Amino acid sequence: MNARPGTCPLTQRELVEEYFIENRTKLLDIAAFLDRLDRSSEMNAEDDFRLAAFRQALRVLSADAPARVESIQMIFSDPTTELLPELDRKSAFGAYAGPRTEVQ
Amino acid sequence: MDYVEMHAHMASRTTDDYEQMALTGCVALSEPAFWAGYDRLSAAAFAAYFEQLTDFEPKRAAKYGIQHYTWLCLNPKEADDRELAPQVLALIPGYLDRPNVIGIGEIGLNRVTRNELATFVDHVNLAMEHDQLILIHTPHLEDKYRGTKVIVEALGGDARVKPERVMVDHAEEHTMPMILERGYWGGITLYPQTKVSPGRAADMIEVFGSERVCVASACDWGPSIPIAIPQFVMEMRRRRHPERLIRKIVYDNPVQFLGQSPKFRLPRAELAAVAR
């Protein structure tokens with residue numbers, strides 16, 4: 001999504017006062033997930049496409065650029081539009097398993 | 001605040017959920033036909049489901065003062081079965097005259113296969129032949145972007161389809177622009193895990209505006225919250241958005257979209273208020 005300054009009625013100060021604690025919690029949850037991966041009984045998913053997308057998304061999070069949500073959505077998305085010739089499965093994985101292009 | 005729930009799979013919810021929805025202001029809801037979590041074994045199983053949607057559920061809702069409307073189809077999770085599809089589609093015209101049936105849905109794509117698209121087109125043809133509104137399911141997670149793109153491009157190639165009579169649901173930040181810019185309605189579904197949080201829904205309203213946009217809980221048999229719309233209302237109030245804007249999204253917009261069906265009935269004064 002574009003930055004669209006001024007579309008949120010609250011000021012930056014008000015947003016911080018109102019939403020800081022809950023977003024601090026979410027950030028710590030992600031940090032704990034990453035630590036948990038490091039403490040896993042077996043390091044057997046370092047090349048997993050979902051983890052690769054996750055780590056790419058984290059780089060977008062820390063970048064000082066607008067439209068972070070849309071950028072991360074596209075990191076997780078299959079960008080192709082070709083129809084599958086046959087149904088392979090019913091459920092989605094949450095990230096695209098195909099060739100990955102780094103989003104700047 | 002009164003609200004209209006655009007997307008709720010009440011067949012998989014308890015009567016207590018109807019009560020909670022009524023207590024939090026739900027005055028009407030629409031229930032799309034969907035996947036039961038397992039593949040139904042025959043067209044007869046769909047006939048039984050359509051009976052539930054057009055007879056049992058409206059009675060259950062009415063006990064709590066909620067108007068119940070429904071959409072019929074073979075859902076996208078089972079749409080790849082091209083042997084089953086024509087059998088189920090053949091059943092649907094027999095239900096279109098029932099008083100709570102307002103359209104064809106939720107049709108769409110799941111894994112974006114050739115067969116799914118063929119069944120989707122069959123449903124669009126059925127809707128056009130019977131002058132029905134259309135409710136569209138877009139795929140989840142990594143398949144959402146490409147599935148939504150294939151859907152809007154397929155619809156765009158059909159001159160019979162009036163965009164204002166189509167709701168493209170489960171829209172997210174990366175798909176809402178392609179839906180709204182083509183003139184369709186965009187639906188935002190509020191899910192605790194796999195879809196959009198009330199906070200992100202409020203963000204999307206702030207960025208994309210409130211025209212042709214609705215929010216819904218899409219509550220079903222999975223982790224979901226039947227009173228997600230009141231949670232969205234709370235989030236909007238937390239940001240000090242005006243009551244007028246909040247009401248437009250949770251009441252006026254659904255009434256405007258659903259009101260295109262002659263079967264949708266709210267008090268005339270309410271419809272007049274929306275028209276203003």
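In the predicted model, strand S4 (residues 101-108) of chain B runs parallel to strand S5 (residues 133-137) of chain B, and the two are joined over 4 bridges. Within this pairing, B:Gly103 has B:Leu133 of S5(B) as its bridge partner, and B:Gly108 stands opposite B:His137 of S5(B). The connection between the two strands is helical: S4(B), helix H4 (residues 114-129) of chain B and S5(B) form a right-handed β-α-β unit. S4(B) also contains B:Glu106, and the peptide bond that leads from B:Gly105 to B:Glu106 is cis, with omega near -10 degrees. As background, most peptide bonds are trans.

S5(B) is also paired with strand S6 (residues 166-168) of chain B, again in the parallel sense, over 3 bridges. Here B:Leu135 is placed opposite B:Met167 of S6(B). A second right-handed β-α-β unit is made by S5(B), helix H5 (residues 144-156) of chain B and S6(B). S5(B) is mostly covered, with 5 of its 5 residues buried. The covering extends to both faces of the strand: B:Leu133, B:Leu135 and B:His137 are buried on one side, and B:Ile134 and B:Ile136 are buried on the other.

These strands belong to an open sheet of 8 strands in chain B, which has parallel pairing and the order S1-S2-S3-S4-S5-S6-S7-S8. Its edges are formed by strand S1 (3-5) and strand S8 (213-216) of chain B, each of which pairs on one side only. On average, neighbouring strands of the sheet are turned by 25 degrees against each other, direction ignored. H5(B) packs on this sheet and touches S4, S5 and S6 of chain B. The direction of H5(B) makes about 165 degrees with that of S6(B).

The contact between the two chains involves 28 residues of chain B and 31 residues of chain A. On the side of chain B that touches chain A, H4, H5 and helix H7 (198-208) of chain B each supply at least two residues. The largest share of that side, 5 residues, comes from H5(B). H5(B) thus has a place both in the packing on the sheet and in the contact with chain A. By residue class, the side of chain B that touches chain A divides into 7 nonpolar, 6 polar and 15 charged residues.

The nonpolar interior was examined next. In soluble globular proteins, nonpolar side chains tend to be buried together. The largest nonpolar core of the model has 83 residues, and those with the most contacts inside it are B:Leu72, B:Ile134, B:Val168, B:Ala201, B:Val215, B:Phe232 and B:Val250. Helix H9 (residues 243-258) of chain B gives the most to this core, with 6 residues. For B:Val250, when neighbours within four places in sequence are left aside, the residues in contact are B:Met1, B:Tyr3, B:Val4, B:Val215, B:Ile229 and B:Val233. Another core, of 6 residues, lies apart from the largest one and includes A:Ile72, A:Ile75, A:Phe76 and A:Ala95.

In chain A, helix H3 (residues 68-76) has A:Ser71, A:Ile72, A:Gln73, A:Ile75 and A:Phe76 as its buried residues. Helix H2 (49-62) of chain A is included in what covers the buried residues of H3(A).

The loop between H2 and H3 of chain A holds A:Ala67. The phi of A:Ala67 is near 60 degrees, a positive value in a residue other than glycine. A:Ala67 is classed as partly exposed because 17 other C-beta atoms lie within 10 Å, a count between the limits of 12 or fewer for exposed and 20 or more for buried. A:Lys26 is 41 residues from A:Ala67 along the chain, and the C-alpha atoms of the two are separated by 19 Å.

A positive phi is also found in chain B, where that of B:Arg240, likewise a residue other than glycine, is near 65 degrees. B:Arg240 is located in the loop between helix H8 (228-238) and H9 of chain B. With 10 other C-beta atoms within 10 Å, B:Arg240 is exposed. For context, most residues other than glycine have a negative phi.

Key. Residues are numbered from 1 along each chain as its sequence is written. Chains are lettered from A and ligands numbered from 1 in the order in which they are written. This is a predicted model: local features need pLDDT of at least 70, side-chain atom pairs count only at pLDDT 80 or more; totals for chains, interfaces and linings use all residues. Two strands pair if DSSP finds at least two bridges between them. A crossover is right-handed if, with the strands pointing away from the viewer, the path from the first strand over the helix to the second runs clockwise. Axes are lines fitted to C-alpha atoms, for helices over the stretch in contact, and angles run from 0 to 180 degrees between N-to-C directions. Two residues are in contact if their C-beta atoms, placed from the backbone, lie within 7 Å. Ala, Val, Leu, Ile, Met, Phe, Trp, Tyr, Cys and Pro count as nonpolar, Asp, Glu, Lys and Arg as charged, and the others, Gly among them, as polar. A nonpolar core is a set of buried Ala, Val, Leu, Ile, Met, Phe, Trp, Tyr and Cys residues joined through C-beta atoms within 7 Å.
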